[in-house]
Each structure stands twice: as C-alpha cells, then as structure tokens.
Amino acid sequence: MHITVEFGVTLVLAYVLGSLSFAKWLGQYRGIDLGAVGSGNYGATNLWRTAGKKWGVLCLFLDGLKGFADCVLAGQQLPLSHELIVAA
C-alpha cells in the first residue's frame, strides 16, 4: 500500500477525533467531575446519570457524530465499498 501525505493526515485527524472526550467536557461545563462521581467513567452513560438525560443524549449524539466523521474520512481515503463504510 502506498501511503500518501493525505492518508497520513487522515490517520492523525481520525486519531485526534477519537480522542475527544465530549463527556468530560460537558461534565466540566456542568461543574461535575465524572471521574469522581457515579461509575467514575468518562462516558455518556455516567454523564446521563449524573447530569441528566439532556446532557447524556447530547454526549451520545456528539460521540456518534465523531464516529461518523471517522467513517467519512476513511471512505474518502480508502477504496472501500459504501456498504462496508455504513457497516463500520
């Protein structure tokens, strides 16, 4: 496989997107340290339990959007079928 600069940038961008912690940021915005309350996990479920349904659903949506963006980036750089990208 011939690696291009665009492919390398896509890999880095996908990694950075995956590292975004919307639960942690939304929890901090609400004044909640998710690591110290509930299950201690920085995730949508713990945010839902500690900050409320609205914040948990927002975090879940943002996390899903993050995964969708990674799939779109992969689809632009790799010769994959649309069915495989949707399945991801």
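**An all-helical predicted chain and its one salt bridge**

Asp-63 is partly exposed, with a relative accessible area of 27%, a value that falls between the limits of 20% and 50% that separate buried from exposed residues. In this predicted model, the side chain of Asp-63 meets that of Lys-66 in a salt bridge, with a distance of 3.5 Å from N to O. A search of the whole structure finds one such salt bridge. Both partners belong to helix α4, which spans residues 53-77, and they are placed three residues apart, or about one turn of the helix. Lys-66, for its part, has a relative accessible area of 14% and therefore counts as buried, whereas Asp-63 is partly exposed. In general terms, side chains of opposite charge can pair when their charged atoms come close.

The chain as a whole contains five helices and zero strands, so that its elements, read along the sequence, give the pattern α-α-α-α-α. Of its 88 residues, 23% count as buried, and the surface that the chain exposes amounts to about 6,200 Å², of which carbon and sulfur atoms supply 65%. Among the contacts in the chain with a separation of 6 or more, 42% are accounted for by residues 24 or more positions apart.

A contact between residues distant in sequence is provided by Thr-10, which is found in helix α1, a helix covering residues 5-19. When its neighbours within four places in sequence are left aside, Thr-10 is in contact with Leu-73 and Gln-77. Thr-10 has a relative accessible area of 11% and is buried, because this value lies under the limit of 20%.

Two cysteines were also examined for their exposure. Cys-59 has a relative accessibility of 0% and so counts as buried, while Cys-71, with a relative accessible area of 18%, is buried as well. A disulfide is a covalent bond between the sulfur atoms of two cysteines, and a search of the whole structure finds zero disulfides.

Confidence in the prediction varies along the chain. The average pLDDT is 86, and 85% of the residues score at least 70. Among the elements of the chain, helix α2, formed by residues 22-29, has the highest mean pLDDT, at 95, and helix α5, formed by residues 82-87, has the lowest, at 63. Where pLDDT is low, the predicted coordinates should not be read in detail.

Notes. Residues numbered from 1 in each chain as written. Predicted model: local features only at pLDDT ≥ 70, side-chain atom pairs only at ≥ 80, totals over all residues. Heavy atoms only, no water. Disulfide = S-S within 2.5 Å. Buried < 20%, exposed > 50% of the residue type's maximum accessible area, 1.4 Å probe, protein only. Helix = DSSP H or I, 4+ residues; strand = E, 2+ residues; numbered from the N terminus. Contact = heavy atoms within 4.5 Å. pLDDT = per-residue confidence, 0-100. Areas by Shrake-Rupley, 256 points an atom, 1.4 Å probe, with all protein chains shown as cover. Salt bridge = Lys/Arg side-chain N within 4 Å of Asp/Glu carboxyl O.
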